[in-house]
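Q: I am new to this structure and would like a close look at a single part of it, followed by how that part sits among its surroundings. Please take it step by step.

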Protein chains: 2
Amino acid sequence: MKLATLKTGTRDGKLIVVSRDLEHAVAASEIAPTLQAALDDWSAKAPRLAQLSALLEDGRAADAFEFDPNRCHAPLPRAYQWADGSAYVNHVELVRRARGAEMPPSFWTDPLMYQGGSDSFIGPRDPILCASEDWGIDLEAEVAVVTDDVPMGIEAGRAGERIRLIMLANDVSLRNLIPGELAKGFGFFQGKPATAFSPVAVTPDELGGAWAGGRVHRPVTVHLNGSLFGQPDAGQDMTFDFPQLIAHAARTRFLAAGTIVGSGTISNLDRSRGSACLAEKRTLEVLETGKASTPFLRFGDRVRIEMLDADGASIFGAIDQEVQRYQPPR
Amino acid sequence: MKLATLKTGTRDGKLIVVSRDLEHAVAASEIAPTLQAALDDWSAKAPRLAQLSALLEDGRAADAFEFDPNRCHAPLPRAYQWADGSAYVNHVELVRRARGAEMPPSFWTDPLMYQGGSDSFIGPRDPILCASEDWGIDLEAEVAVVTDDVPMGIEAGRAGERIRLIMLANDVSLRNLIPGELAKGFGFFQGKPATAFSPVAVTPDELGGAWAGGRVHRPVTVHLNGSLFGQPDAGQDMTFDFPQLIAHAARTRFLAAGTIVGSGTISNLDRSRGSACLAEKRTLEVLETGKASTPFLRFGDRVRIEMLDADGASIFGAIDQEVQRYQPPR
């Protein structure tokens, strides 16, 4: 089934079930008011949501309405955890090489992961608000999964069972703030403003054969101001699969239901696929010509991130955002 | 007023108002079922909670009962954000000196902060569960504040107005996992397991004159297995006050109501006050004798963290936890 959250003026919005073709939707309020409420009691709620989804597919759901991704929050407008991996290790190696840094061999066996802010995500059509273009505004197209409760110390071989939903993310990054921040040693904070997610989160079965080996085997398409920027395959070159990322996150603590685990920027060794973030393209330019020519995002730029199934239909709906200037309070 | 959360078998527990002397309490369910619900609508809920608090102080609250911190969750059993500073910069400098590393001068002007996991905190009397003593289990006694919504880009001069509650934290750390983790460059993850908080969170006015300049001017007392380990003053040597920490966290993003911002391990230049974490004591030992003699926590050890007012009464109740072995699932 496919789930989304409508904006209602409340902090958590309203849970809706969306049809497979993203054309229609129906409120799930009688089952669970919000997506977090459904995740909090998934074993009881999921079968009822699946029933409602079946009614909707059959055209028999009462009060069904036209689905409009412009009215969507992130599926979880706020979450209790956003743990973002960096599972496409060749991307990490590339970025390091460009700045002349060796990558430790352990990076191929021990996942990189950072703790992201999860208190206020931005919706799939919400603007990316930023006070300054000088911060080096970048997109990062990723796949993310939402877990149920995960026991501390779970083995990767069992962690896949805890995945409830899959969605796309735009992990907005402020590249020019990151080097100074990482040099301080405590990881990302200001360099990672609010993340956006796709209009729709789907259960793994919706992906059919494209969900295999704990990875999503479809290209993510990234458009910048209407032009195709990259379409790397999320299933290719993903060094750590989602169960491994979940097990890494849970090594020393329990993960609560509604935890979001991200893949990190999707990146393929096959450079003809293009990139899923500007930083990677700039890195390739530096390695090829000694100089980055692709600029970071500017106010008014539009970013579109989507994933199509084998028949060309959008799986999650599109993230489609404009970068806008933010005026801080006096 | 003083607020706490009773364990009820649900994820978020039940909000209660606690008497100033921590002797009695009354359910606040008719005002807000949970502390997060109160924070989500603070301007409407706070006056009603204050009325209930006044009734309780007057002995006129219906259905008041004896307050038992052993039945408490963390005030927020799960939160949407836990942003932990490291505001006692002389502590940071000391730890660096012990390992022969220079501290950049910018550390005195630009706060250190990491994004902590907030999906499943542990209650004030819950055990610290850990799979291995070899991970170097440590306590960190801190002060933490809970904010209302905070606009992105807020100036420090206005950020203090957004503080709603104050509490104590035990930011449990796994010292032997941290160096390898920080070397990877993405900050803490496995090195910071679940954090514990004091039984009670209080509004700033409850501190009277001890809340001044965006700092809490009282010693935190740390006991280890019944012996006093340290009692550094939280108001001394705190390089960045809470409004500065909040402004740092909000520089590139909005903070949602219920965001917890921590001070970092409390530490005084006056070494006669002792320490609020084992790592600092071990560092001092290394600097003095070349060798750390204080061990990290072992299974069965008890940690008690408390703050007394000028009359010797506990302000927040005590965090009192035993370290216990955790058996991961097969």
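How many bridges join strand β19 (residues 302–307) of chain A to strand β20 (residues 319–325) of chain A, and are these strands parallel or antiparallel?

A: In this predicted model, strand β19 (residues 302–307) of chain A is joined to strand β20 (residues 319–325) of chain A by 4 bridges, and the two strands run antiparallel. One of the pairings can be named by residue, since A:R304 has A:D320 in β20(A) as its bridge partner. As a general matter, the strands of a sheet pair through backbone hydrogen bonds, in either a parallel or an antiparallel sense.

This pair belongs to an open sheet of 5 strands in chain A, which follow one another in the order β7-β20-β19-β16-β17 with mixed pairing. At the edges of that sheet stand β7 (128–130) and β17 (227–230) of chain A, and because each has a single partner strand, one side of each is left without a neighbour in the sheet. On average, and with direction ignored, neighbouring strands of the sheet are turned by 25 degrees against each other.

Chain B can be described in a similar way. Its open sheet also has 5 strands, in the order β7-β20-β19-β16-β17, again with mixed pairing, and its edge strands, β7 (128–130) and β17 (227–230) of chain B, each pair on one side only. In chain B, strand β19 (residues 302–307) and strand β20 (residues 319–325) are paired in the antiparallel sense over 4 bridges, and within β20(B) the residue B:Q321 is the bridge partner of B:V303.

Beyond the sheets, there is the question of how the two chains meet. In chain A, 60 residues are in contact with 60 residues of chain B, and the area buried between these chains is about 5,400 Å², with carbon and sulfur atoms giving 54% of it. On the chain A side, A:Y80, A:F186 and A:F189 lose the most area to chain B, and together they account for 18% of what that side buries.

Polar and charged groups also take part, for 34 residue pairs are in polar contact between chain A and chain B, counting pairs with both residues at pLDDT 80 or more. Among the elements of chain A, α1 (35–40), β6 (113–116) and α6 (242–249) each supply at least two residues of the side that touches chain B, and the largest share of that side, 4 residues, comes from β6(A). Sorted by class, the side of chain A that touches chain B has 30 nonpolar, 15 polar and 15 charged residues.

Salt bridges complete the picture: the structure holds 40 of them over all chains, and the count between chain A and chain B is 8. In one of them, A:R78 pairs with B:D40, with the closest N and O atoms 2.9 Å apart, and this pair crosses between chains, from A:R78 in the loop between β4 (65–66) and β5 (82–85) of chain A to B:D40 in helix α1 (residues 35–40) of chain B. The side chains of A:K184 and B:D110 likewise meet in a salt bridge, at 2.8 Å from N to O.

Definitions and conventions: Residues are numbered from 1 along each chain as its sequence is written. Chains are lettered from A and ligands numbered from 1 in the order in which they are written. This is a predicted model: local features need pLDDT of at least 70, side-chain atom pairs count only at pLDDT 80 or more; totals for chains, interfaces and linings use all residues. Side-chain values use heavy atoms; hydrogens and water are left out. Two strands pair if DSSP finds at least two bridges between them. Axes are lines fitted to C-alpha atoms, for helices over the stretch in contact, and angles run from 0 to 180 degrees between N-to-C directions. Contact means heavy atoms within 4.5 Å. Buried area is the accessible area (1.4 Å probe) that two parts lose on being put together, summed over both. A salt bridge is a side-chain nitrogen of Lys or Arg within 4 Å of a carboxyl oxygen of Asp or Glu. A polar contact is a pair of N or O atoms within 3.5 Å; within protein, one must be able to donate a hydrogen and the other to accept it, and residues adjacent in sequence count only if both atoms are side-chain atoms. Ala, Val, Leu, Ile, Met, Phe, Trp, Tyr, Cys and Pro count as nonpolar, Asp, Glu, Lys and Arg as charged, and the others, Gly among them, as polar.
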